[in-house]
Amino acid sequence: MQDNANRLELTRRHILGLGAGALVGLAAAPAWALVHKVGERSLSFQHLNTSETLSVVYWAEGRYVPEGLREVNHLLRDFRTGEIRQIDPRLLDFLFSLKYRLDTDNPFEVISGYRSPKTNAMLRRHSTSVARNSLHMQGKAIDIRVKGHKPSQIARAARGMKLGGVGTYRRFVHLDAGNVRVWRG
Ligand SMILES: [Zn+2]
């Protein structure tokens, strides 16, 4: 597993701040893959099951922002039971990289974040595609959509980053901060 902290992304703001010559030089490398210092990392979410929205800076000035992470943990709680678990910051970096890869300002539409063991067991009774040891139960996985992008497009972009697991489903994409692997649901 790569350490995302060593693979920082260029923000568009920063790209715009560079001269035209620098932009030409950068064109060969995808922006999300460049090792570069970014001032802050932010994410926007819209939870489709609770209707809650969140725009949050979760990393700034070289470190994760505890208050920002708490807000993310709350939004991505098990909405069926209300249980909160810490979401792995590497998953947030995966999303942040994906946001720039897709070049979108649209929020991540959340279908599922953290799942308690009780919720996961309940879902398993109704679906064969829910894993017994789902990374959702460790706060390391999220199911998302993004307006303007088909799940297949989102998954293709995410697979190319090799930052974790990517599962493609008809209506959403599963991303996790586990080992790099891909599958179709
Ligand atoms: Zn999932």
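Let me begin with a term: a residue counts as exposed if 12 or fewer other C-beta atoms lie within 10 Å of its own, and as buried if that number is 20 or more. The model I am presenting is a predicted one, and this cut-off will be applied to three of its residues, beginning with E61.

E61 has 7 C-beta neighbours inside 10 Å and therefore counts as exposed. Its place is in the loop between β2 and β3. The backbone deserves attention here, since phi of E61 is near 50°, a positive value in a residue other than glycine. For context, most residues other than glycine have a negative phi.

A second residue can be described in similar terms. K162 is found in the loop between α6 and β6, and its phi is likewise near 50°, again positive in a residue that is not glycine. With 12 C-beta neighbours inside 10 Å, K162 counts as exposed, because the limit for that class is 12 or fewer.

Let me now turn to the overall architecture. The chain contains 6 helices and 8 strands, arranged along the sequence as α-α-β-β-β-α-α-β-α-β-α-β-β-β. Of its 185 residues, 34% count as buried. Among contacts between residues at least 6 apart in sequence, 58% join residues at least 24 apart.

The 8 strands form an open sheet with mixed pairing, in the order β3-β2-β1-β4-β5-β7-β6-β8. Its edge strands are β3, residues 63-64, and β8, residues 181-184, each of which pairs on one side only. Helix α3, residues 66-75, packs on this sheet and touches β1, β2 and β3; the direction of α3 makes about 145° with that of β2. Helix α6, residues 151-161, packs on the sheet as well, touching β5, β6, β7 and β8, and its direction makes about 160° with that of β6.

Within the sheet, strand β5, residues 141-145, is joined to β7 by 4 bridges, and the two run antiparallel. I142 stands opposite L175 in β7.

That brings me to H174, which lies in strand β7, residues 173-176. Is H174 buried or exposed? It has 26 other C-beta atoms within 10 Å, so it is buried. Leaving aside residues up to four places away in sequence, H174 touches A141, D143, G167 and Y169. Finally, H174 and G185 are 11 residues apart in sequence, with a C-alpha to C-alpha distance of 9.3 Å.

Methods:
Residues numbered from 1 in each chain as written. Predicted model: local features only at pLDDT ≥ 70, side-chain atom pairs only at ≥ 80, totals over all residues. Contact = placed C-beta atoms within 7 Å. Pairing = 2+ DSSP bridges. Axes fitted to C-alpha atoms, helices over the stretch in contact; angles between N-to-C directions.
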